[in-house]
2 protein chains.
Amino acid sequence: MVWRDEHGKRLEDYPRPSVAVDTAVLTVDDGRLAVLLAGGALPGTFLHPGETLADAVLRSLRDKAGVVGRSPRQLRVFDKPSRDPRGWVLSVAHVDMVPVAELAAALTHGGVRLAPADDASVLVGLPYEQGEIVAAAVEAVRAEYRAEPDPSALLDEPFTLAELRGLHTAVLGEEPMRDTFRRYMEARLKSTGETTDGGRGRPSRTWRRMSAIPAAATRG
Amino acid sequence: MVWRDEHGKRLEDYPRPSVAVDTAVLTVDDGRLAVLLAGGALPGTFLHPGETLADAVLRSLRDKAGVVGRSPRQLRVFDKPSRDPRGWVLSVAHVDMVPVAELAAALTHGGVRLAPADDASVLVGLPYEQGEIVAAAVEAVRAEYRAEPDPSALLDEPFTLAELRGLHTAVLGEEPMRDTFRRYMEARLKSTGETTDGGRGRPSRTWRRMSAIPAAATRG
DNA sequence: AGCATTTTGCGCTGATCTGCGCTAAATCAG
DNA sequence: CTGATTTAGCGCAGATCAGCGCAAAATGCT
């Protein structure tokens, strides 16, 4: 039974935009935040019937970047009329932080590369307002990292405080003060009770995230 | 010149969702947060060609609630497949805080009423996941009010600290501590240099928001 | 004029946080 | 065994913040 409005028209009888999902896939590469570009743009796709936005995002990450098992977060909708020369397209922007190792396969494909995520000259070169998407993504990820230790689980467990702080420095673009960082994060981590093996100097204590879910598992 | 893809198809040849905008119009009524319902639902509309989402939101607020000159904020997209029995519809949810006086005309229409915004029994009675939209809106507005003095300009200027604190109490659902509130907010307000007239007791100092834009003007 | 009322302002205490210098601890290299 | 290295841990000073009690100030009422 197809629904019709008071004019006898179905939903399909009205003009509708195309809906795309675009994802700023961020990672840490060479000590700084980087964004994945495929053919000079963010990976994305048009929404298919019956899909949720998250389904579409996951499909585009798998198909365009070989990335699976992640949990992209919705940012917001970009809808500037002049945004897409092809026509009326809305973009629902997402962000996902992915360990750089998981992007290795994608990066062997022609046209797939990493670019510094907080480099203005990179952002202005992106089509379809995607520079704004990346900027919004960087801001969102930095806020998450200020609040929680490695919330996107880029580090394999267990890890040391130095590794964690190194990661946070790369994400935030500034180095947090050692003691302040340690006090805040230790309260949000679970000690393994063990230390590192080998290496000179006093062995480091090792930690896991509070969540019981393994790092690579999808989140709720 | 109509764009076609590598299959010779235009954007319109592919199935697309309808895109609706729904706005949680929040206000303060009788000392607490309230949400506007029109016919038992949030005001909304389908997106028309050539419109931005903000255009559509403003149009629906004008047509369904008689509200003009505001600046709704985008929350996020709701896309649960079973959300809308009419068919494939995405809803881009927004929130707007509006002085209750500006809703007076709308409230004289049949079927338009205010309901407590943080009352779970109200939220579960809403169609199309709109309870979740209202909950997300309440959370967003409360975060804004924790950070800034009356960011949605519900108070006419100038206002007293007691009026401001009363408004914030209504929005937050809890009364902030007088001195803590005063220290934080005074730093974010502009003193008029004048005090209230009449009334018993020591006259109150009066304040304006930092922004130079009049309260009813739209924001950037 | 005195009192009640209301707001402003602030001194004070205790709590919390940041940043830093420095030592102890636990390794490995020589 | 000694020294170098690296991390852990912490004492401390200074800064900041929250909350409270209370008095001063500025009105209107009687």
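In which loop of chain A does P158(A) lie? P158(A) is placed in the loop between helix 4 and strand 7 (159–160) of chain A, where helices (H or I, at least four residues) and strands (E, at least two) are DSSP runs numbered from the N terminus. The structure is a predicted model, in which local features need pLDDT of at least 70, side-chain atom pairs count only at pLDDT 80 or more, and totals for chains, interfaces and linings use all residues. Residues are numbered from 1 along each chain as its sequence is written, chains are lettered from A and ligands numbered from 1 in the order in which they are written, and side-chain values use heavy atoms, with hydrogens and water left out.

The peptide bond that joins E157(A) to P158(A) is cis, with omega about -5°. In chain B, the bond from E157(B) to P158(B) is likewise cis, with omega near -5°, and P158(B) is found in the loop between helix 4 (130–147) and strand 7 (159–160) of that chain. A further backbone feature of chain A concerns D30(A), a residue other than glycine with a positive phi, near 60°. D30(A) is located in the loop between strand 1 (18–29) and strand 2 of chain A.

The arrangement of the two chains was examined next. Chain B is superposed on chain A by a rotation of 180° with 0.1 Å of shift along the axis, with an RMSD of 0.1 Å; the fit is by least squares on the C-alpha atoms of residues with pLDDT of at least 70 in both copies. That is the relation of a two-fold axis. Within chain B, the residue that comes closest to the rotation axis is R76(B), at 3.0 Å (C-alpha).

Between the chains, 27 residues of chain B are in contact with 27 residues of chain A, contact meaning heavy atoms within 4.5 Å. Because 100% of the interface residues of chain B are also interface residues in chain A, the copies meet through the same surface. The buried area, that is, the accessible area (1.4 Å probe) that two parts lose on being put together, summed over both, is about 2400 Å² between chain B and chain A, and carbon and sulfur atoms give 66% of this area. On the side of chain B that touches chain A, strand 1 (18–29), helix 1 (53–65), strand 4 (73–78) and strand 5 (89–97) each supply at least two residues. By class, this side comprises 16 nonpolar, six polar and five charged residues; Ala, Val, Leu, Ile, Met, Phe, Trp, Tyr, Cys and Pro count as nonpolar, Asp, Glu, Lys and Arg as charged, and the others, Gly among them, as polar.

Chain A itself is divided by an automatic or database domain assignment into domain 1 (16–146) and domain 2 (148–220). The contact between them takes 15 residues from domain 1 and 19 residues from domain 2, and the C-alpha centres of the two domains lie 26 Å apart. About 1400 Å² is buried between the domains, 55% of it on carbon and sulfur atoms. S71(A), Y145(A) and R146(A) supply 43% of the area that domain 1 buries against domain 2, more than any other three residues. Across this domain interface, five residue pairs are in polar contact (both at pLDDT 80 or more), a polar contact being a pair of N or O atoms within 3.5 Å; within protein, one must be able to donate a hydrogen and the other to accept it, and residues adjacent in sequence count only if both atoms are side-chain atoms. Helix 4 of chain A provides the largest share of the side of domain 1 that touches domain 2, five residues. This side of domain 1 has seven nonpolar, three polar and five charged residues.

Salt bridges (a side-chain nitrogen of Lys or Arg within 4 Å of a carboxyl oxygen of Asp or Glu) number 34 over all chains. The count is zero between chain B and chain A, and zero across the interface of domain 1 and domain 2 of chain A. One salt bridge joins the side chains of D179(A) and R182(A) (4.0 Å, N to O). Both residues, D179(A) and R182(A), lie in helix 6 (residues 178–186) of chain A, three residues apart, about one turn of the helix.
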